[in-house]
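Q: Could you take a close look at one part of this model for me, the largest nonpolar core? I'd like to know which residues sit at its centre of contacts and what is built around them.

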Amino acid sequence: MSLSDEQLMEHALVLAERAGAAGEIPVGAVVARGGQILGEGWNQRERDCDPTAHAEVVALRAAGRRVGSWHLEGATLCVTLEPCPMCAGALVNARVARLVYGCADPKAGAVQTLYRIADDPRLNHRLTVVKGVQAQRCAAVLQDFFRQLRDR
């Protein structure tokens, strides 16, 4: 049985809330293939002192370890926020088949907002992109987090 984009986003939102509770920017990501979750992640940059510890990269690393390969053909990555250039590049390099994301990122979005890395014909791999899944909820999680930071 396959997991729907909505089910994957629900899971990613739970992970985003986990990130926010830990003081990280609340972004969550899930990698799935064939109805099975292969990896999950949330932002861990502050905790790990690692600028590459974005939710997508953490989820891709977990999925790669689980399948024993960096090749993630046929997989879907679902993330609450449009990936940045680093994460979009990682998706291309991992050969992920599909990307599902919640809200656009007007400051760093590299899939459809500022850049189009996921479907750039000059690269060796392209992804199918589904945008806007639960976009309002995904945006609200981020807005609430930053509102609380400002109110402190």
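A: Start with the hubs: the largest nonpolar core has 43 residues, and Met-9, Val-31, Leu-60, Leu-77, Val-96 and Leu-99 are the ones touching the most other members. Bear in mind that this is a predicted model. As for who contributes, α1 (5-21), β1, β2, α3, β3, α4 (85-93), β4 and α5 each put in at least two residues. The top contributor is α1, which gives seven.

Let's take Leu-77 and see whom it meets. Setting aside residues up to four places away in sequence, Leu-77 touches Ala-29, Val-30, Val-31, Glu-56, Leu-60, Leu-91, Val-96, Arg-98, Leu-99 and Val-100. Several fellow hubs are on that list, among them Val-31, Leu-60, Val-96 and Leu-99.

Now Val-96, which belongs to the loop between α4 and β4. Its relative accessible area is 1%, so Val-96 is buried. Skipping neighbours within four places in sequence, Val-96 is in contact with Leu-60, Leu-72, Ala-75, Thr-76, Leu-77, Leu-91, His-125 and Leu-127. For a sense of distance, Val-96 and Trp-70 are 26 residues apart in sequence, and their C-alpha atoms are 9.9 Å apart in space.

One of those partners, Ala-75, is also a loop residue, placed between α3 and β3. Ala-75 counts as buried because its relative accessibility is 0%. With neighbours within four places left out, Ala-75 is in contact with Val-31, Ala-32, Arg-33, Val-96, Ala-97 and Arg-98. Ala-75 and Leu-8 are 67 residues apart in sequence, with 12 Å between their C-alpha atoms.

Next, the sheet that several of these residues belong to or touch. What order do the strands come in? It's an open sheet of five, running β2-β1-β3-β4-β5 with mixed pairing. The edges are β2 (36-42) and β5 (128-131): each has a single partner strand, so one side of each has no neighbour in the sheet. From one strand to the next, the twist averages 15°. At the β2 end, β1 (residues 28-33) and β2 run antiparallel and are joined by six bridges. Within that stretch, Ala-29, one of the contacts of Leu-77, stands opposite Gly-41 in β2.

Helices pack against this sheet too. Helix α3 (residues 55-67) touches β1, β2 and β3 (76-81), and its direction makes about 145° with that of β2. Helix α5 (residues 135-151) lies across β3 and β4 (98-103), running at about 60° to β4. As for α4, its buried residues are Cys-87, Ala-88, Gly-89, Ala-90, Leu-91 and Val-92, and they pack against α3, β3 and β4. Leu-91 is worth picking out here, since Leu-77 touches it and Val-96 is in contact with it as well.

Follow the chain out of α4 and there's a backbone detail to look at. Most residues other than glycine have a negative phi. Arg-95, just after α4, takes a positive one of about 65°. Like Val-96, Arg-95 lies in the loop between α4 and β4. Gln-134 also has a positive phi, near 55°, and is not a glycine either. Gln-134 sits in the loop between β5 and α5, and with a relative accessible area of 15% it counts as buried, because the cut-off is under 20%.

Carry on into α5 and you reach the aromatics. The structure holds one aromatic pair. Phe-145 and Phe-146 make it up, edge-to-face, with 5.3 Å from centre to centre and 80° between the planes. How do the two compare in exposure, buried or partly exposed? Phe-145 counts as buried because its relative accessibility is 11%, while Phe-146, at 34%, counts as partly exposed.

Finally, back at the edge strand β2 (36-42), have a look at the ring of Trp-42. Arg-18 lies over the face of Trp-42, at 4.7 Å from the ring centre.

To pull it together: the hubs of the core include Leu-77 and Val-96, which touch each other, and helices and strands from α1 to α5 feed residues into that core.

Methods: Residues numbered from 1 in each chain as written. Predicted model: local features only at pLDDT ≥ 70, side-chain atom pairs only at ≥ 80, totals over all residues. Heavy atoms only, no water. Phe/Tyr/Trp six-rings, centres within 6.5 Å; stacked < 30°, edge-to-face > 60°. Buried < 20%, exposed > 50% of the residue type's maximum accessible area, 1.4 Å probe, protein only. Lys NZ or Arg CZ within 6 Å of the ring centre and 35° of its normal. Pairing = 2+ DSSP bridges. Helix = DSSP H or I, 4+ residues; strand = E, 2+ residues; numbered from the N terminus. Axes fitted to C-alpha atoms, helices over the stretch in contact; angles between N-to-C directions. Contact = heavy atoms within 4.5 Å. Core = buried A, V, L, I, M, F, W, Y, C linked by side-chain atoms within 4.5 Å.
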